[in-house]
Amino acid sequence: MTKIGYTLSHHSVLPKIHSKWLPGYSMDEPSVRYSNAVLVDDNQQTHLGDFLLNSDGSWAPSNGDEDVIHNLDGSKKLIT
């Protein structure tokens, strides 16, 4: 059996890939709001209340008037 393939060297040119084909979300995407949730942050501190989870993984307290893609009941959720 013969293997067919190629190797890349430092002289190779890789094709450009349009960003719509890359995984992940745009930073412009709306956040998700969890209401009445428990959130444990990176410093292991516990927060209670309403939170916005952003597509980049960051979070912030929610005022309730932000544009969100989903408004979810977090009363039985632990967000880590």
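In which sense do S1 and strand S4 pair, and over how many bridges? This tour of a predicted model takes up that question once the whole chain has been displayed.

**The whole chain**

Begin with a cartoon of the protein chain. Its secondary structure consists of five strands and zero helices, and reading along the sequence gives the pattern β-β-β-β-β. Switch next to a surface representation: the accessible surface comes to about 7100 Å², and carbon and sulfur atoms contribute 53% of that area. Of the 80 residues in the chain, 16% count as buried. If a contact map is available, consider the contacts with a separation of 6 or more: residues 24 or more positions apart account for 48% of them.

**Strand S1**

Select residues 31-40, which form strand S1. Seven of these ten residues are buried, so the strand is largely enclosed by the rest of the structure. While the strand is on display, its side chains may be followed one by one. In a regular strand, side chains alternate between the two faces of the sheet.

**From S1 to S4**

Add residues 68-73, strand S4. Here the opening question is answered: S1 and S4 pair in the parallel sense, over five bridges. To locate the pairing in the viewer, select arginine 33 and, opposite it, asparagine 71 in S4.

**From S1 to S2**

Now add residues 46-53, strand S2. S1 and S2 run antiparallel and are joined by seven bridges. Leucine 39 and histidine 47, the latter in S2, stand opposite each other. The two strands form a hairpin with five residues between them. Within the turn, select glutamine 44, whose phi is positive, at about 65°.

**From S1 to S5**

Proceed to residues 78-79, strand S5. S1 pairs with S5 in the parallel sense, over two bridges. Select valine 38 together with leucine 78, its bridge partner in S5.

**The aromatic pair**

Finally, hide the cartoon and show side chains. The structure holds one aromatic pair. Its members are phenylalanine 51 and tryptophan 59, whose ring centres lie 5.5 Å apart. The ring planes stand at 80°, so the arrangement is edge-to-face, given that planes over 60 degrees apart fall in that class.

Is each partner buried or partly exposed? Colouring by relative accessible area separates the two: phenylalanine 51 is buried, at 3%, whereas tryptophan 59 is partly exposed, at 30%.

Notes: Residues are numbered from 1 along each chain as its sequence is written. This is a predicted model: local features need pLDDT of at least 70, side-chain atom pairs count only at pLDDT 80 or more; totals for chains, interfaces and linings use all residues. Side-chain values use heavy atoms; hydrogens and water are left out. Buried means under 20% relative accessible area, exposed over 50%, partly exposed in between (1.4 Å probe, protein chains only). Helices (H or I, at least four residues) and strands (E, at least two) are DSSP runs, numbered from the N terminus. Two strands pair if DSSP finds at least two bridges between them. Rings of Phe, Tyr and Trp (its six-membered ring) pair if their centres lie within 6.5 Å; planes under 30 degrees apart count as stacked, over 60 as edge-to-face and the rest as tilted. Contact means heavy atoms within 4.5 Å. Accessible areas come from the Shrake-Rupley method with a 1.4 Å probe; for residues, only the protein chains shown count as cover.
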